[in-house]
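Here are my notes on this one, in the order I'd go through them with the model open. Have a look at it first, then read on.

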Amino acid sequence: MTNPAAQAQAPSPAVTGVLVMLTVKAGVSREQVMAVMPGEIRATVQLYLGGKIREWYSRGDGRGVVLLLDTKDVAEAQAIMDGLPLGKEHLMDHDYIPVGPLQPLGLLMANPAAMQGAR
């Protein structure tokens, strides 16, 4: 008989990066953001060239950007974002989502015979 408590405690997924969604804080004007942008652009390019930013995108709704950071946890991602000019000026809200390998793929690898039965 298996222990239900042990089953409930699935291993924590590996974190291989952090997705950061940035939006302009309520009440912050476009002019305030644009005044900081030259320094922000230089700093983010340096992070990209240094391997800390894996991918970066403009949000489709025009309200900010999305970055995929090459960090091991949210705390490291927060430290990076707080060090950028927009972060230092407290002009942006940040949502942090740790990401990693797709967990169900590990189940398939643990039982390759199950894949053959699925065909």
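1. Let's start with ring pairs. Rings of Phe, Tyr and Trp (its six-membered ring) pair if their centres lie within 6.5 Å, and planes under 30 degrees apart count as stacked. By this rule, the count for this predicted model comes to 1 aromatic pair. That pair is tyrosine 48 with tryptophan 56: the ring centres are 5.4 Å apart and the planes sit at 10 degrees, so it is stacked.

2. Are those two rings buried or exposed? Neither, quite: tyrosine 48 is partly exposed, with a relative accessible area of 39%, and tryptophan 56 also counts as partly exposed, at 37% relative accessibility.

3. Now the sheet. There are 4 strands in an open sheet, ordered E2-E3-E1-E4, and the pairing is antiparallel. Strand E2 (53-58) and strand E4 (92-99) are the edge strands; each has a single partner, so one side of each has no neighbour in the sheet. From one strand to the next, the twist averages 15 degrees.

4. If you want to look at one strand pair, try E2 with strand E3 (residues 64-69): they pair in the antiparallel sense over 5 bridges. To find your place, pick tyrosine 57, whose bridge partner in E3 is valine 66.

5. What packs on the sheet? Helix H2 (residues 30-49) does, touching strand E1 (17-24) and E2, and its direction makes about 145 degrees with that of E2. Helix H3 (residues 74-83) lies across E1, E3 and E4, and runs at about 150 degrees to E4.

6. H2 deserves its own point. Its 20 residues, at 1.5 Å a residue, should span 28 Å, and the end C-alpha atoms are 27 Å apart, which agrees. Even so, H2 bends by about 50 degrees at methionine 37, with proline 38 following within four residues. Just after H2, glycine 51 takes a positive phi of about 85 degrees.

7. Which residues of H2 are buried? Val33, Val36, Glu40, Thr44 and Leu47 are. For the spacing, recall that an α-helix has 3.6 residues a turn, so residues three or four places apart point the same way. The buried residues of H2 pack against E1, E2, H3 and helix H4 (85-88). Do check Glu40 on screen, since you may not have expected a glutamate among the buried residues of H2.

Definitions and conventions. Residues numbered from 1 in each chain as written. Predicted model: local features only at pLDDT ≥ 70, side-chain atom pairs only at ≥ 80, totals over all residues. Heavy atoms only, no water. Pairing = 2+ DSSP bridges. Helix = DSSP H or I, 4+ residues; strand = E, 2+ residues; numbered from the N terminus. Axes fitted to C-alpha atoms, helices over the stretch in contact; angles between N-to-C directions. Contact = heavy atoms within 4.5 Å. Expected span 1.5 Å × (residues − 1). Bend = angle between axes of the 7 residues up to and from the residue. Buried < 20%, exposed > 50% of the residue type's maximum accessible area, 1.4 Å probe, protein only. Phe/Tyr/Trp six-rings, centres within 6.5 Å; stacked < 30°, edge-to-face > 60°.
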